[in-house]
Amino acid sequence: MNEKRPVKRCRESLVVQTHRIFPNQLNNHGTLFGGELMSMLDVAASIAVTRHARSQSVTASTDSVDFLHPIQRNDAITIEAFVSGVGKSSVEVFCKVIGENLLTGEQYLAVTAFLTFVAFKTDKSKAIVPLIEPETEEESFICNGYEERNKNRFIKREFNKQFAQKITLTNSWMDED
Ligand SMILES: CC(=O)SCCNC(=O)CCNC(=O)[C@H](O)C(C)(C)COP(=O)(O)OP(=O)(O)OC[C@H]1O[C@@H](n2cnc3c(N)ncnc32)[C@H](O)[C@@H]1OP(=O)(O)O
């Protein structure tokens, strides 16, 4: 028998995190290192998923990370992450990063990203997550693109499966006898 799935609003999963950028987080251009930001995004998105699904989850894919504007040393960044679409056990999270020059107050859109997680029950079987309901204009705009993004994810995943079949475990750095 099909159980009716609960519906949650985007804002119920919303995560807002503000960080100040320190010298040890910079790349050789003197701006925030992309890998640092990706780690922050994964953490913020994982909290959004857990708020939505109230279950364990793993990151299945980083679908897109678009670095739109470099983030300078001493600026602050605010990461906003919320669930932007769901399948059965999969949960897509949208992240936006707003940079802020703390001395002038100038703000800029630094990054947008989508990540997909898969939710699990405690017995390790896949969970069935609540549906998502947008409320604001921006949430609706983002959630309306879910079907298209999910279709593209499926195509990419099938391609990647074929690709992985051709990748060997041979290590060029291991000594041969
Ligand atoms: C928070 C962290 O740091 S976690 C650490 C990093 N992440 C990991 O180690 C995850 C390693 N990967 C895995 O465990 C597995 O490959 C999984 C869980 C991602 C997928 O497991 P599978 O058994 O292949 O998944 P299955 O085919 O049953 O699909 C389950 C769901 O996941 C989705 N899915 C599976 N792989 C992907 C992918 N690469 N990208 C996006 N969605 C995916 C499917 O579309 C499906 O969605 P649905 O339930 O909404 O229809």
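This dialogue discusses how to read the ligand shell, the aromatic pairs, the unusual backbone angles and the cysteines of a predicted model.

Colleague: Which residues come nearest to the ligand?

Modeller: The model is predicted, and a residue is taken to be near a molecule if one of its heavy atoms lies within 4 Å of it. Here 14 residues surround the ligand, and Thr59, Lys88, Ser89, Ser90 and Arg157 come nearest.

Colleague: Which atoms of Thr59, Ser61 and Ser89 lie by nitrogen or oxygen atoms of the ligand?

Modeller: A polar contact is a pair of N or O atoms within 3.5 Å. Thr59 uses a backbone N or O atom, which lies 2.9 Å from a nitrogen atom of the ligand. Ser61 places a polar side-chain atom 3.1 Å from a ligand nitrogen atom. For Ser89, a polar side-chain atom is 2.7 Å from an oxygen atom of the ligand. On its own the ligand has 1,000 Å² of accessible area, of which the protein covers 52%.

Colleague: Which elements give two or more residues to the shell around the ligand, and what is its make-up by class?

Modeller: The elements are β3 (56-67), β6 (107-120) and α4 (146-165). Of these, β3 gives the most, with 4 residues. By class, the shell has 4 nonpolar, 6 polar and 4 charged residues.

Colleague: How many aromatic pairs does the structure hold, and how are Phe94 and Phe114 arranged?

Modeller: Two rings pair if their centres lie within 6.5 Å; planes under 30 degrees apart count as stacked, over 60 as edge-to-face and the rest as tilted. The structure holds 3 aromatic pairs. The pair of Phe94 and Phe114 is tilted, because the ring centres are 5.2 Å apart and the planes stand at 50 degrees. Since Phe94 lies in strand β5 (residues 90-100) and Phe114 in strand β6, the pair ties together parts that are 20 residues apart in sequence. Phe94 is buried, at 7% relative accessible area, and Phe114 is also buried, at 13%. Ring pairs also bring in Phe82, linking Phe82, Phe94 and Phe114 into a cluster.

Colleague: What kind of pair do Phe159 and Phe163 form, and where do they lie?

Modeller: Phe159 and Phe163 form a stacked pair, with 6.4 Å centre to centre and 20 degrees between the planes. Both lie in helix α4, 4 residues apart, about one turn of the helix. Phe159 is exposed, with a relative accessible area of 54%.

Colleague: Where do Arg54 and Asn74 lie, and what is the phi of each?

Modeller: Arg54 is not a glycine, yet its phi is positive, at about 50 degrees. Arg54 is found in the loop between α2 (34-53) and β3, and counts as exposed at 62% relative accessibility. Asn74, also a residue other than glycine, has a positive phi near 80 degrees. Asn74 lies in the loop between β3 and β4 (76-86) and is partly exposed, with a relative accessible area of 41%.

Colleague: Why is Cys10 not bonded to Cys143?

Modeller: A disulfide requires two cysteine sulfur atoms within 2.5 Å. The closest cysteine sulfur to that of Cys10 belongs to Cys143, and at 3.7 Å it is too far for a bond. The structure holds 0 disulfides. Cys10 counts as buried, at 0% relative accessibility. Cys95 is likewise in no disulfide, and its nearest cysteine sulfur, that of Cys10, is 13 Å away. Cys95 counts as buried, at 1% relative accessibility.

Technical notes
Residues numbered from 1 in each chain as written. Predicted model: local features only at pLDDT ≥ 70, side-chain atom pairs only at ≥ 80, totals over all residues. Heavy atoms only, no water. Polar contact = N/O pair within 3.5 Å; in protein donor to acceptor, adjacent residues only side chain to side chain. Areas by Shrake-Rupley, 256 points an atom, 1.4 Å probe, with all protein chains shown as cover. Nonpolar A, V, L, I, M, F, W, Y, C, P; charged D, E, K, R; others polar. Phe/Tyr/Trp six-rings, centres within 6.5 Å; stacked < 30°, edge-to-face > 60°. Buried < 20%, exposed > 50% of the residue type's maximum accessible area, 1.4 Å probe, protein only.
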